Amino acid sequence: MANAPTKPTTPVKKESASASGLFATLTIPICIAVAILIYIFILGDPSHFAGGDTSAEPTDYYGTVHRGGTIVPLIMSYLLIVITFSIERFVVIGKASGTSNVDAFVRKIQSFLNAGNIDAANAECDKQKGSVANVIKSGLKKYKEMELEPGLDVDQKTLAIQKDIEEATSLEMPMLEQNLTVIATLVSIGTLTGLLGTVVGMIKAFKTLASSGAPNTTELSTSISEALINTALGISTSAISIIMYNVFTSKIDKLTYAIDETGFSIVQTFAASHKNK
């Protein structure tokens with residue numbers, strides 16, 4: 001008895017994976033460098049401090065943030081990384097969704113399947129493009145191959161189609177999920193780094209209080225400001241990371257559901273139309 005073909009008709013996208021890996025490798029150090037430059041030349045500009053003296057009291061928000069100390073550019077780099085990777089994921093997931101609404105595309109494919117018009121479904125995939133269309137087109141191609149396969153029974157052919165869709169999906173999904181690990185990691189690191197800045201600031205504050213004689217109120221307020229600014233920046237970065245991560249996972253889940261729904265329709269249509277053959 002012949003074995004069901006298992007090779008997927010969708011090729012592995014090595015170029016996309018390499019490009020995404022290179023993007024991540026370059027983006028992180030660039031964001032760190034940009035954050036340091038912003039901290040030194042923009043936030044640390046003398047115009048943001050009384051009398052143009054960076055050791056004096058800040059006169060605006062920029063100077064106040066600069067008072068957060070050397071941990072501020074590190075947290076700022078986290079924020080820049082989240083923003084950059086979020087833009088990149090929006091672009092990638094948008095392309096994966098295709099040229100039109102995914103739900104409308106799925107309904108069109110299902111209507112073509114119900115009418116037995118596989119060629120029209122293929123043409124719709126060519127118009128839609130994107131990851132969902134790629135997986136569905138792979139399943140439709142296997143559908144037509146199985147119609148011409150004489151050595152397998154209906155159950156084996158159905159299994160071959162289902163397997164092809166699953167393997168095509170497994171090739172597309174990693175591209176959508178790349179770089180989400182970075183955003184997920186920054187959820188925790190942002191808060192922890194903010195707390196580290198808080199601890200450093202409070203240590204300086206208590207050191208000022210412990211000094212002999214009357215405490216220097218300027219140094220004390222500077223240390224407390226450093227603690228609070230780092231806390232605010234760290235929590236803000238983590239909050240944005242959580243929101244972005246949930247947005248992207250929700251979009252990916254929607255695409256996965258669309259693939260599963262349409263793949264099920266393809267398999268069921270084949271089984272129903274060939275059960276008596």
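In this predicted model, lysine 204 and glutamate 226 form a salt bridge, with their closest N and O atoms 3.2 Å apart. The pair brings together distant parts of the chain: lysine 204 belongs to helix H8 (residues 180-209) and glutamate 226 to helix H9 (residues 217-274), with their positions 22 residues apart in the sequence. The two partners sit in contrasting surroundings. Lysine 204 has a relative accessible area of 39% and is therefore partly exposed, whereas glutamate 226, at 7% relative accessibility, counts as buried.

Salt bridges also share partners in this structure, and Lys108, Glu124 and Lys127 are joined in this way into one network. Within that network, lysine 127 pairs with glutamate 124, and the closest N and O atoms are 3.7 Å apart. Here both residues lie in helix H5, three residues apart, or about one turn of the helix. Their accessibilities can be set side by side: lysine 127 reaches 54% and so counts as exposed, while glutamate 124, with a relative accessible area of 8%, is buried.

Helix H5 takes part in another pairing, through aspartate 119. The side chain of aspartate 119 meets that of lysine 144 in a salt bridge of 2.7 Å, N to O. Again distant parts of the chain are linked, since aspartate 119 is in helix H5 (residues 118-128) and lysine 144 is in helix H6, 25 residues apart. Lysine 144 is partly exposed, its relative accessible area being 34%. A search of the whole structure finds eight salt bridges, including the ones described here. As a general background to such contacts, side chains of opposite charge can pair when their charged atoms come close.

Helix H6, the home of lysine 144, also packs against a neighbour. Helix H6 (residues 130-147) and helix H7 (residues 154-177) have axes 9 Å apart and meet at an angle of about 160°. An angle over 145 degrees counts as roughly antiparallel, and H6 and H7 are therefore roughly antiparallel to each other. The crossing of the two helices is right-handed.

Helix H7 also contains threonine 158. With 11% relative accessibility, threonine 158 counts as buried, because the buried class takes in values under 20%. Threonine 158 and alanine 258 are separated by 100 residues in sequence, and their C-alpha atoms are 19 Å apart in space. A second pair can be described in the same terms: the C-alpha atoms of glycine 63 and alanine 271 are separated by 69 Å, and these residues are 208 apart along the chain. Glycine 63 is part of helix H2 (residues 61-66) and is buried, with a relative accessible area of 0%.

Attention now turns to the surface. A nonpolar patch of about 710 Å² is made there by Ile28, Ile32, Ile36, Leu37, Ile40, Phe41, Ile42 and Tyr62. Helix H1 (residues 14-43) gives the most to this patch, contributing seven residues. One of the patch members is isoleucine 40, which lies in helix H1. At 44% relative accessibility, isoleucine 40 counts as partly exposed, since that class lies between the 20% limit for buried residues and the 50% limit for exposed ones.

Methods. Residues numbered from 1 in each chain as written. Predicted model: local features only at pLDDT ≥ 70, side-chain atom pairs only at ≥ 80, totals over all residues. Heavy atoms only, no water. Patch = residues over 30% accessible without salt bridge, like charges linked within 9 Å, V, L, I, M, F, W, Y side chains within 5 Å. Areas by Shrake-Rupley, 256 points an atom, 1.4 Å probe, with all protein chains shown as cover. Salt bridge = Lys/Arg side-chain N within 4 Å of Asp/Glu carboxyl O. Helix = DSSP H or I, 4+ residues; strand = E, 2+ residues; numbered from the N terminus. Buried < 20%, exposed > 50% of the residue type's maximum accessible area, 1.4 Å probe, protein only. Axes fitted to C-alpha atoms, helices over the stretch in contact; angles between N-to-C directions. Parallel < 35°, antiparallel > 145°, perpendicular 65-115°, else oblique. Left-handed = near helix turned anticlockwise from the far one by under 90°.
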